[in-house]
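Here are my notes on the model you sent over, in the order I went through it. Have it open next to you while you read.

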Amino acid sequence: MTSVFAIDVENLTKIYAHKTVVRNFSIQVEYGKIYGFLGPNGSGKTTTIRMLCGLLKPDVGSGTCLGFDILKESYNIKSNSGYMTQRFSLYGDLSIWENLDFAARLYDVKRRSKVVKETIERLGLGERQNQLVEQLSGGWKQRLALAACILHKPKLLLLDEPTAGVDPKARREFWDEIHQLANEGVTVLLSTHYTDEAERCHKIAYIVYGDLLVTGTVQEVLNASGLTTWLATGDKWSELAKKLSGQPGVEQITPFGNTLHISGRNADILEITLMPYQKDKSFTWVKGKPNLEDVFVQVMETTRGSI
Ligand SMILES: Nc1ncnc2c1ncn2[C@@H]1O[C@H](COP(=O)(O)OP(=O)(O)OP(=O)(O)O)[C@@H](O)[C@H]1O
Ligand SMILES: [Mg+2]
């Protein structure tokens, strides 16, 4: 089976002890794009990533990754991919340079010292290259983990929650690097719990307890939600939230600072409900756009019964 896609899989299903943890997962990812997986804890993001790169065999389903069969050619997939695991998995009692040299040996990288040196430079690790990894902060460890994944110049990067626990500056630098790699043609698939990171992906997939519920560009996902969101800003937002709770058309009320996001799928009913409240001059009312968090909460709520 040949495919024009970097990842092209159909109906991947994984069952652990009679529990289906990934159900009929199908996805197509274009070369050179950044694809984000989002979803609550235990939804199957890590399991899916592991099935895609051939580390885990699906119970049902088939497909290709980098043109290789995920069931029969996992060796080729693994040698052309970089996988950053959810938990930091390098050696604390080795230095940055030693860890990278070791990883380069594992991948049988040719002209190892040169490649390690270049990678250290690329990721700005030079000033700490001789420091023991156990002494590094989260941001440095994350950069090192990324360095270890790209030493062998993979065509695909699978990054499992790469920025968990990392400060905003380090996250931004990390994302700049990810975009740079994508510009060079590397396909990136990553999982994250941060909706602001989802907005930096070309496409996203929202997975809830084994089901792929929504997929597309951020704009497509926002549009498809059919949600209307009103923003009410004012000091007494908590009283307003109480009054609106359970009223016709009001499906979600979420505070962001002193702004309430009030959302619902029936724009007309929502508007009729809000009309009397909009006369209250202690609030500024703006018809805004739902954000990804509003949409994900909505998707979760509306599918809860069927999961
Ligand atoms: N080896 C295993 N044996 C049994 N159950 C497993 C195994 N690996 C994962 N699971 C279960 O499969 C489900 C999906 O887990 P997975 O780690 O893929 O979720 P996740 O979306 O990556 O979660 P998180 O956001 O917490 O990382 C969970 O219910 C988990 O307990
Ligand atoms: Mg996970």
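How many bridges pair strand β1 with strand β2, and in which sense do the two strands run?

1. Seven bridges, in the antiparallel sense: that is how β1 (residues 7-16) and β2 (residues 19-29) pair. Bear in mind throughout that this is a predicted model. Two of the bridge pairs are handy for checking the register: Asp 8 has Gln 28 as its partner in β2, and Tyr 16 has Lys 19 as its partner in that strand. The two strands make a hairpin with two residues between them. Have a look at Ala 17 in the turn, where phi is positive, about 45°.

2. The hairpin belongs to a wider arrangement. Four strands make up an open sheet with antiparallel pairing, and the order across it is β2-β1-β4-β5. At the edges sit β2 and β5 (68-69), each of which pairs on one side only. Helix α1 packs on this sheet and touches β1, β2 and β4 (60-65). The direction of α1 makes about 125° with that of β1.

3. Now the ligand. Around ligand 1 you'll find Tyr 16, Val 21, Gly 39, Asn 41, Gly 42, Ser 43, Gly 44, Lys 45, Thr 46, Thr 47 and Gln 86. Helix α1 (residues 45-52) provides the largest share of that shell, with three residues. By character, the shell splits into eight polar residues, two nonpolar ones and one charged. Tyr 16 links this point to the first one: Tyr 16 is in the shell and is also the bridge partner of Lys 19.

4. Zooming out, the chain has eleven helices and 14 strands. The assignment divides the chain into domain 1 (7-217) and domain 2 (228-289), and the centres of the two, taken over C-alpha atoms, are 40 Å apart. Along the principal axes, the C-alpha atoms fill a box of roughly 70 × 45 × 35 Å. Of the 307 residues, 37% count as buried. As for contacts between residues at least 6 apart in sequence, 69% of them join residues at least 24 apart.

5. There is another open sheet further along the chain. Its four strands come in the order β12-β13-β11-β14, again with antiparallel pairing. Its edge strands are β12 (252-256) and β14 (284-288), each pairing on one side only. On average, neighbouring strands here are turned by 20° against each other, with direction ignored. Inside the sheet, β11 (residues 228-233) and β13 (residues 259-264) run antiparallel and are joined by six bridges. If you want a spot to check, Ala 232 stands opposite Leu 260 in β13.

6. Last one: Lys 289. Lys 289 is in the loop between β14 and α11 (292-303). Why does Lys 289 count as partly exposed? Because 13 other C-beta atoms lie within 10 Å, and a residue is exposed at 12 or fewer but buried at 20 or more. Leaving aside neighbours within four places in sequence, Lys 289 is in contact with Leu 222 and Thr 229. The C-alpha atoms of Lys 289 and Leu 231 are 8.6 Å apart, although 58 residues separate the two along the chain.

Note on methods. Residues numbered from 1 in each chain as written. Chains lettered and ligands numbered in written order. Predicted model: local features only at pLDDT ≥ 70, side-chain atom pairs only at ≥ 80, totals over all residues. Pairing = 2+ DSSP bridges. Axes fitted to C-alpha atoms, helices over the stretch in contact; angles between N-to-C directions. Near = placed C-beta within 6 Å. Nonpolar A, V, L, I, M, F, W, Y, C, P; charged D, E, K, R; others polar. Domains from an automatic or database assignment. Contact = placed C-beta atoms within 7 Å.
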